[in-house]
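Reader: Hello! I am new to this structure and would love a close look at one part of it. Could you walk me through it slowly?

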Amino acid sequence: MFLRLLSWVILALAMSRCHGSLEAERLALLQIKASINHPNGTSLPEWKDGNTGNCCDWSGVECHKPTRSVIALDLHGERQDELGDWCLNASLFRPFESLTNLDLSWNQLVICTKDEAIRRDFARLSALDLKNLQDDEQVHGRHLRYLE
């Protein structure tokens with residue numbers, strides 16, 4: 001009886017976490033949300049800590065079905081204009097080992113990291129498609145050439 005009860009408790013705890021993407025990626029998604037919304041925005045309301053749904057079902061998130069790891073993030077225009085510039089911290093994207101498509105366009109983006117840090121943070125994402133970011137007229141800063 002005790003083992004059966006313990007099994008149900010473990011199952012309930014496991015289901016209370018976002019089960020679609022890896023835990024490190026789920027936490028990174030929440031950090032990205034916080035960064036986009038800094039200091040007091042309201043974008044991506046369904047991206048919630050403790051969300052019992054599948055992180056791969058969150059808006060703008062696409063996952064590889066077999067591995068459940070994030071392969072695409074479409075954050076096009078998520079930052080609210082009244083919040084001003086969004087200072088990109090490229091290290092927020094480190095946990096996404098399978099990420100191949102990232103759309104950060106129309107977010108009042110500025111690069112606030114040293115050139116070497118940007119190169120390092122995006123270097124291992126060799127298949128990353130940043131064409132939408134590089135074509136964005138609203139991207140401020142001169143460091144985008146280091147993302148190639």
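Which residues of H2 are buried?

Author: Happy to help, and please keep in mind that this is a predicted model. The buried residues of H2 are Glu25, Arg26, Ala28, Leu29, Leu30, Ile32, Lys33, Ser35, Ile36 and Asn37. To place that list, start with the helix itself. H2 covers residues 23-37, which makes 15 residues. From its first C-alpha to its last, H2 reaches 21 Å, close to the 21 Å expected at 1.5 Å a residue. An α-helix has 3.6 residues a turn, so residues three or four places apart point the same way. You can keep that in mind as you trace the buried positions on the model.

What lies over them? The cover on the buried residues of H2 includes strands S1, S2 and S3, the last of these being residues 86-88. Let us follow the chain from the helix towards S1. His38 and Pro39 are joined by a cis peptide bond, with omega about 5°. Pro39 belongs to the loop that links H2 and S1.

A disulfide comes next: Cys56 is joined to Cys63, with an S to S distance of 2.1 Å. A disulfide is a covalent bond between the sulfur atoms of two cysteines. By the distance rule used here, the count for the model is one disulfide. The torsion about the S-S bond of Cys56 and Cys63 is about -95°, so this disulfide is left-handed. Both Cys56 and Cys63 are buried.

Cys63 also leads us into the sheet, since it stands opposite Val70 in S2. S1 (residues 61-63) and S2 run antiparallel and are joined by three bridges. Another pair across these strands is Val61 with its bridge partner Leu73 in S2. The hairpin of S1 and S2 has six residues between the strands. In that loop sits Arg68, which has a positive phi of about 65° although it is not a glycine. Arg68 is partly exposed, with a relative accessible area of 42%.

S2 itself (residues 70-74) is mostly covered, as four of its five residues are buried. Leu73 has a partner in S4 too, namely Leu102. S2 pairs with S4 (residues 101-103) in the parallel sense, over three bridges. Strands of a sheet pair through backbone hydrogen bonds, either parallel or antiparallel. Put together, three strands make an open sheet with mixed pairing, in the order S1-S2-S4. S1 and S4 stand at the edges, each with a single partner strand, so one side of each is left without a neighbour in the sheet. On average, neighbouring strands of this sheet are turned by 15° against each other, direction ignored.

A little beyond S4 is Gln108, in the loop between S4 and S5 (109-111). Gln108 has a positive phi of about 55° although it is not a glycine. Gln108 is buried, with a relative accessible area of 14%.

Finally, step back to the whole protein. The secondary structure comes to four helices and five strands, and from the N terminus the elements run α-α-β-β-β-β-β-α-α. Of the 148 residues, 41% count as buried. Among contacts with a separation of 6 or more, 71% are between residues 24 or more positions apart. The protein exposes about 8700 Å², with carbon and sulfur atoms supplying 55% of it.

Methods:
Residues are numbered from 1 along each chain as its sequence is written. This is a predicted model: local features need pLDDT of at least 70, side-chain atom pairs count only at pLDDT 80 or more; totals for chains, interfaces and linings use all residues. Side-chain values use heavy atoms; hydrogens and water are left out. Buried means under 20% relative accessible area, exposed over 50%, partly exposed in between (1.4 Å probe, protein chains only). Helices (H or I, at least four residues) and strands (E, at least two) are DSSP runs, numbered from the N terminus. Two strands pair if DSSP finds at least two bridges between them. Contact means heavy atoms within 4.5 Å. Accessible areas come from the Shrake-Rupley method with a 1.4 Å probe; for residues, only the protein chains shown count as cover. A disulfide is a pair of cysteine sulfur atoms within 2.5 Å. Axes are lines fitted to C-alpha atoms, for helices over the stretch in contact, and angles run from 0 to 180 degrees between N-to-C directions. The expected span of a helix is 1.5 Å times one less than its number of residues.
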